[in-house]
Amino acid sequence: MKVVAAATVSTQVYPVLATGREYGPTSRIVRVHDPNATKPWDYSANAPWNHTVEPDETSNTGKIKERYFDYINEDVVANMLDRGLRELTDTESAVDAWRILLPNLQRSDRITIKMNMNNASFDENITTNRMDQTMPLVNGILEDLVNDLGLSEEQITILDASRWFHPEKMKGRCRFKNVHWVDHTDNERWDKNEWVTFTKDAPEPGGEFWMPKAYTHSEHIINLCLMKSHNCGITGAMKNHFGSIPSPRNLHEEMGDRSYIADVCNTSSIRNKVRLNIADALFANWHNNVWAPRPWKTFPEESPNSLIMGIDPVALDSVMLDHIIEEIEAQGDNAPEWLKKNSVNHGFLQYAMDELGLGIHEHAPYNSIDYRTIEA
């Protein structure tokens, strides 16, 4: 086991939100691309990309068994993670990068990795092709934290508090067997001493908006999200925290232009402990937030084959939203009118910047967001 040592690194020129530093003149977002991140997945054979259960003799006749998450090259993803961390922090190694991103890191520190399992089946017999987080990126992060930084697996929690982790698809593919998993099956997961304060728009009565104990009891949070469309334009780094509270259902009505998403992200544990946001855009869905990945026209391959990362969640979502808007335009008649209308319902990003100071929102061409695209 390696000893965690302080790294000598260059001075940061971008804002660090959760580490207590001031905003800088830019907010750096890095997209790492590698055409070999995914193996060719036959999108046409899997169309219309909305079947949900395993093929059998009584339902979904003719649907093939191929699952998109079986078409990811884990070693390539680990290399992409390393390259992106170094570019994000101006460092020469991933260890140095993590030492910046996880300030004052101690071996006793607890780390929570928030994942997006919004389309989980809740059935061990069903894996589905609906797009959720996959394990290759998580294994790469755990490799860094455990084997390179010397942290204990037992100090790391993988969480989606309102959803479910499939025992084979998720837990069975994790290479680190002693990490903790927290999902809807944990009846003791909520800390009722910390909850969301709504600053402008109040949801309907009856909701419970506590934080998970894995947030309030941890020193660091790593937020993993996906690049997907939604009726708020983008369901990325910020909306991912709807899976961190007991009752997100009451927050969906007109959520794109209400304060709900920003307010959840302004909660103390999220605002002050999320150190890094990474969007798994190896596969992605420009069309909706529910079904399987869609083929893209605006990337070199049908799959984006990208990891997109940054410390600023508002900037990350702004960049991914622009990618979705560009793709909707490129799709032409393939993009329905309701989808085009959804892409403009993202006032929560402006509110997050102007009223809560959570990050930088703007559209391309960027002046304040330092957006870098690199090849792994």
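Which residues does L339 touch, not counting residues up to four places away in sequence? I should like to open with that question and then move outward from L339 to the rest of the protein. Please keep in mind throughout that this is a predicted model.

The answer is S229, W286, H287 and I328. L339 itself is placed in helix α9, which covers residues 337-342. Its relative accessible area is 1%, and L339 therefore counts as buried, the cut-off being under 20%. One of the residues it touches, H287, stands 52 residues away along the chain, yet the C-alpha atoms of L339 and H287 are separated by 7.0 Å.

Let me now set L339 in the context of the protein. The secondary structure consists of ten helices and ten strands. There are 376 residues, and 58% of them count as buried. If we take the contacts between residues at least 6 apart in sequence, 76% join residues at least 24 apart.

I turn next to helix α3, residues 94-101. Is this helix enclosed by the rest of the structure or open? It is largely enclosed, because seven of its eight residues are buried. The buried residues are A94, D96, A97, W98, R99, I100 and L101. Their cover includes helix α2, residues 74-89, and helix α4, together with the strands β7 and β8, the latter spanning 274-285.

The meeting of α3 with α4 deserves a separate description. Helix α4 comprises residues 135-148, and its axis comes within 11 Å of the axis of α3. The two axes cross at roughly 90°, so the helices are roughly perpendicular to each other. On the α3 side, the residues in contact are A94, V95 and W98; on the α4 side, they are I141, D144, L145 and D148. By character, the residues of this contact comprise five nonpolar and two charged, with no polar ones. A94 and W98 thus appear both in this contact and among the buried residues of α3.

We come now to the loops, where three residues call for comment. Beginning with N104, this residue is found in the loop between α3 and β2, the strand at 111-114. Its phi is near 55°, a positive value in a residue other than glycine. N104 counts as exposed, because its relative accessibility is 66% and the cut-off is over 50%.

E254 lies in the loop between β7, residues 220-228, and α6, residues 260-265. Here phi is near 50°, again positive in a residue other than glycine. With a relative accessible area of 51%, E254 is likewise exposed.

The remaining loop residue is P365, located between α10, at 347-354, and β10, at 369-375. The peptide bond joining A364 and P365 is cis, with omega at about 0°.

Finally, I draw your attention to the pockets. Rolling a probe the size of a water molecule over the atoms shows where empty space is left. What is the volume of the largest pocket? It is about 380 Å³. The pocket is lined by 19 residues, and those closest to its centre are N118, S162, R163, P248 and H252. The lining as a whole divides into ten polar, six charged and three nonpolar residues.

To close, I return to the opening residue: L339 is buried, and its contacts are with S229, W286, H287 and I328, not counting residues up to four places away in sequence. Thank you for your attention.

Terms used
Residues are numbered from 1 along each chain as its sequence is written. This is a predicted model: local features need pLDDT of at least 70, side-chain atom pairs count only at pLDDT 80 or more; totals for chains, interfaces and linings use all residues. Side-chain values use heavy atoms; hydrogens and water are left out. Axes are lines fitted to C-alpha atoms, for helices over the stretch in contact, and angles run from 0 to 180 degrees between N-to-C directions. Helices (H or I, at least four residues) and strands (E, at least two) are DSSP runs, numbered from the N terminus. Angles under 35 degrees count as roughly parallel, over 145 as roughly antiparallel, 65 to 115 as roughly perpendicular and the rest as oblique. Contact means heavy atoms within 4.5 Å. Ala, Val, Leu, Ile, Met, Phe, Trp, Tyr, Cys and Pro count as nonpolar, Asp, Glu, Lys and Arg as charged, and the others, Gly among them, as polar. Buried means under 20% relative accessible area, exposed over 50%, partly exposed in between (1.4 Å probe, protein chains only). On a 1 Å grid over the protein atoms alone, a cavity is a set of points where a 1.4 Å probe fits but cannot get out, and a pocket is an open set with protein on both sides within 12 Å along at least five of seven lines; lining residues have an atom within 4 Å of a point. Grid points are joined across faces, edges and corners, and a volume is the space filled by probe spheres set on the points.
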